[in-house]
Amino acid sequence: MTGLLGRGAGLALVVALAALASFTGVLRPVDDALASLRFDLVRHPVSQTLAVVEIDASSIRAAGQWPWGRDRFARAIANLQDAGAETIAFDVDFSARSSPAADAALRSAIERRPGSVVLPTFVQALRVGGAETTTESAPLGDLSGEALLASVNVPIDSDGRVRSYRYGFGDAGAYRPTIGALLAGAPIDNRGAFLIDYGIRPDQILRLSFDDIHNGRFDPARIKGRRILIGSTALELGDEFATPRQRAIPGVYVHALAYESVLAGRALRPVSPLAVLVAAAGAALLLRPRRAGSIPQLLRRHGFVAVAALGVPMTLQAVYPVVADTAVVLFVQGLCIIWSTREELARRARAIVEQREASLLHLALHEPESELPNRRALLNQTAARIEGNPDRPLAVLAVGIDRFATMRGAIGYRRFNEVVRQVATRIRDASGEEMAAHLSTSVMGVAISADTPEALLAKVNSIEAMDPWLAIEGLSVDAFVRIGVAYRQGPDDNAELLLENASIALDRAREMDRRTVTYDQDAFADPTLNLALMSDMLRGLEAGDLALHYQPKAAIASGRIIGVEALVRWTHPTRGPIPPDTLIATAEETGMIRAFTEWSVQQGVADLKTLLAAGHEITMAINISASLLADRDFRKKLLAAAAGCERNLCLEITESAIIRNPGHAMAAIADYRAAGLKISIDDYGSGLSSLAYLKMIHADELKIDKGLVVNVKESARDALILKSTVDLAHSLGMSVVAEGVETDDVLAVLADMKCDVVQGWLIAKAMSLPDLQALMARPVRRAA
Ligand code: C2E
Ligand code: CA
Ligand code: CA
């Protein structure tokens, strides 16, 4: 009956128990109680065709003795017949002999109207040699000659009550109807039984005292045409029975009620227990616990079944002569209540367990402080994606909030948590992914997938271009993030490996002071490979495999190309194109950056001289790594190489390189500027930019990072920062270069802001020196 058993098995068990209860009769007391209740409520009137003549206490007192002489009965018969009684039946024991004279008187009274007097017999079952026969105790002698005989047997139930009544006893040879059936004119030969309808009230039956009849003190009109039943009601005669409604009722009234039952067609038949059992099974089906059932619904069903179990038998019994014992339906209802209760308790227990499991799972998959999914959750998600679609381009990103310890110190732990949550939201918004995980204090992770490698790259770029400014409780916080990216490249790249690689890439980004670093198996996995790459690079420098390409910078006002930025290009003989980021990062790590930069300065200056000789009056910008900026030896070499064209040479230095060691950086900047070189602050706005800081650096040019430029159309806040930066730079005497300009829209906004110079794919990508020369030879095309 519990969840262990299926619902079908539970139902079968309930029905089996109901059948057992029904057939063993354990529910009998309940059915009996219900039956008497029905007899109380469902009444039927008497036919008024029968009168009971009571041999009551006063009759016995009047006679002064018992048993009576039969002449007393003879006189009563004569009086009743004279009054027009139809049939006169006796429920009186005539087996004892009285005086011959009295017997004769009775016989002659009977013979006056042959067949109109009924005398009682008592049938007893006898076992003779294993076979059952009946014997009748009716030693009436010659009394019975003209009288009819009828049995006064009454079957008594095991609890001592009289419920049923028979039509007759014996077999075809010796049939004896019962007195009630005979009076009611029931068909002869019916040996069946029926249930007396106790809804018929005995007190409504006309009653007369024997003494009054004997003495002729009665209204003959009341007797005329009636059937008369004579029997004792005096307590001392002890002819009493218990019934479902009465504690004790004289036997004569039992016969009278049986008579009324037959006459009125109220000889009740029990409804088959099997039919009731079917109804009980139906109730079990209706009341069985259901998965989606509400409690009020179940209560309504129980109410319906209870009302039906009580009401249907009542109505049936009122209309038809049938008795339906429906205790088994109530029993089934009880079983179903137990069943439902157990199911409900089990369900609650399960719910508690499930809830606990869910909260444990939540704990296992979430960072307690930020409530964000944790590393495990990200790994699960990534693994599921790889399994679901192994060929779909996928990348795992580790996104670290820069200088978080300082920020946390400044704004407090609680607000820092809010920073983490907001950055996670931005990552989700920017990538369109549903989940950004919290991997460690300041690092978040996200798995990104897209239909094509290009779309994937675009998503990574949009994370890179995320707005770093957050509003935390009214404070404006600059949550600059660095990003480590690991692209899935083959079947061996599982979730763990990708996340680890992304984290390594993020570490590199921090070490190298870069915004985004992509994990590179060859460069990162094995340090000896880095060394190999660097010796390849040195060889490449000698062999001329490395080249500087030049990306034009155009003045917005004139549309003229006023300068170029030198960007390295290297196609490795076996590994193909090496991204400049990787090359520079590896060179910085291995200490090869010095050799590389010396080469780039040599090469850049040589190309600059070529351009100047061809009459192109431009400035060439060369990127200088932070580590070399304050190096005296390098400075000496650079100034020597630049001799003669100092005024056309510009050094791009990242803002973060300056912030890292401001004292030395500013001294170096001053030295270079004193020698006539220009200084450009690169990637402004990508880090922890501060306008106040800008005032302390004396530079010629400010290059606004592409991250800030790309968003200028969409983000009013970025536009505001850009505009105020342009204004401040102008007021400090710097010209402003916007890099990463890809569209006319952006160019128009920049022009509005009075930005001086633009650089980006809209103007041109980086190109070889001959291509640049060809471009510069063409007539000027106004950019704006
Ligand atoms: P950077 O100094 O910020 O260089 C600008 C980067 O932006 C270049 O990437 C350039 O190709 C790219 N770019 C130019 N216009 C657009 C545009 O409209 N949209 C977009 N999305 N990107 C644009 P590149 O060549 O891959 O160089 C990456 C970085 O590598 C450079 O960033 C610079 O930090 C470093 N680098 C490149 N060449 C050298 C070098 O010779 N020396 C040193 N020290 N660093 C170099
Ligand atoms: Ca640059
Ligand atoms: Ca830049």
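This report covers two calcium sites, the cavities and three single residues of a predicted model.

Residues are numbered from 1 along each chain as its sequence is written, while chains are lettered from A and ligands numbered from 1 in the order in which they are written. Local features need pLDDT of at least 70, side-chain atom pairs count only at pLDDT 80 or more, totals for chains, interfaces and linings use all residues, and side-chain values use heavy atoms, with hydrogens and water left out.

**Calcium sites**

Donors are N, O and S atoms within 2.8 Å of the metal, or 3.2 Å for Na, K and Ca. Water is not among the atoms, so sites may look incomplete.

| Ion | Protein donors | Distance to ion | Spacing in sequence |
|---|---|---|---|
| calcium ion (ligand 2) | Glu565 (OE), Asn623 (OD1), Glu652 (OE), Asp682 (OD) | 2.1 to 2.3 Å | E-x57-N-x28-E-x29-D |
| calcium ion (ligand 3) | Asp682 (OD), Asp683 (OD), Glu739 (OE), Glu739 (OE) | 2.3 to 2.5 Å | D-D-x55-E |

Which residue coordinates both the calcium ion (ligand 3) and the calcium ion (ligand 2)? Asp682 does, and the two ions are 3.9 Å apart. Asp682 lies in strand S28 (residues 678-684) and Glu739 in strand S30 (residues 735-739), so this pair ties together parts 57 residues apart in sequence. Strands (E, at least two residues) are DSSP runs, numbered from the N terminus.

The calcium ion (ligand 2) has donors in distant parts of the chain as well. Asn623 sits in strand S26 (residues 619-623) and Glu652 in strand S27 (residues 649-654), 29 residues apart.

How accessible are these donors? Buried means under 20% relative accessible area, exposed over 50%, and partly exposed in between, with a 1.4 Å probe and protein chains only. Glu652 is buried at 1%. Asp682 is buried at 6%, and Glu739 is buried at 8%. Asn623 is partly exposed at 28%.

**Cavities**

A cavity is a set of points on a 1 Å grid over the protein atoms alone, where a 1.4 Å probe fits but cannot get out. Lining residues have an atom within 4 Å of a point. Grid points are joined across faces, edges and corners, and a volume is the space filled by probe spheres set on the points.

The whole structure holds three cavities of 30 Å³ or more. The largest has a volume of about 60 Å³. Its lining includes Glu464, Met466, Arg515, Asp705, Leu708 and Asp718. By class, the lining residues are four nonpolar, four polar and four charged.

**Single residues**

Contact means heavy atoms within 4.5 Å. A polar contact is a pair of N or O atoms within 3.5 Å; within protein, one must be able to donate a hydrogen and the other to accept it, and residues adjacent in sequence count only if both atoms are side-chain atoms.

Gln246 is in the loop between strand S12 (240-241) and strand S13 (249-250). Gln246 is buried at 15% relative accessibility. Its side chain makes a polar contact of 2.4 Å with that of Thr243. Beyond residues up to four places away in sequence, Gln246 touches Arg161, Tyr198 and Pro202.

Ser209 belongs to strand S10 (residues 206-209). Ser209 is buried, with 13% relative accessible area. The side chains of Ser209 and Ser59 make a polar contact (3.2 Å). Neighbours within four places aside, Ser209 is in contact with Val53, Glu54, Asp56, Ser58 and Ser59.

Ile556 lies in the loop between strand S23 (546-555) and strand S24 (561-572). Ile556 is buried at 6%. C-alpha to C-alpha, Ile556 and Val737 are 9.7 Å apart in space, with their positions 181 residues apart in sequence numbering.

Key
Helices (H or I, at least four residues) and strands (E, at least two) are DSSP runs, numbered from the N terminus. On a 1 Å grid over the protein atoms alone, a cavity is a set of points where a 1.4 Å probe fits but cannot get out, and a pocket is an open set with protein on both sides within 12 Å along at least five of seven lines; lining residues have an atom within 4 Å of a point. Ala, Val, Leu, Ile, Met, Phe, Trp, Tyr, Cys and Pro count as nonpolar, Asp, Glu, Lys and Arg as charged, and the others, Gly among them, as polar.
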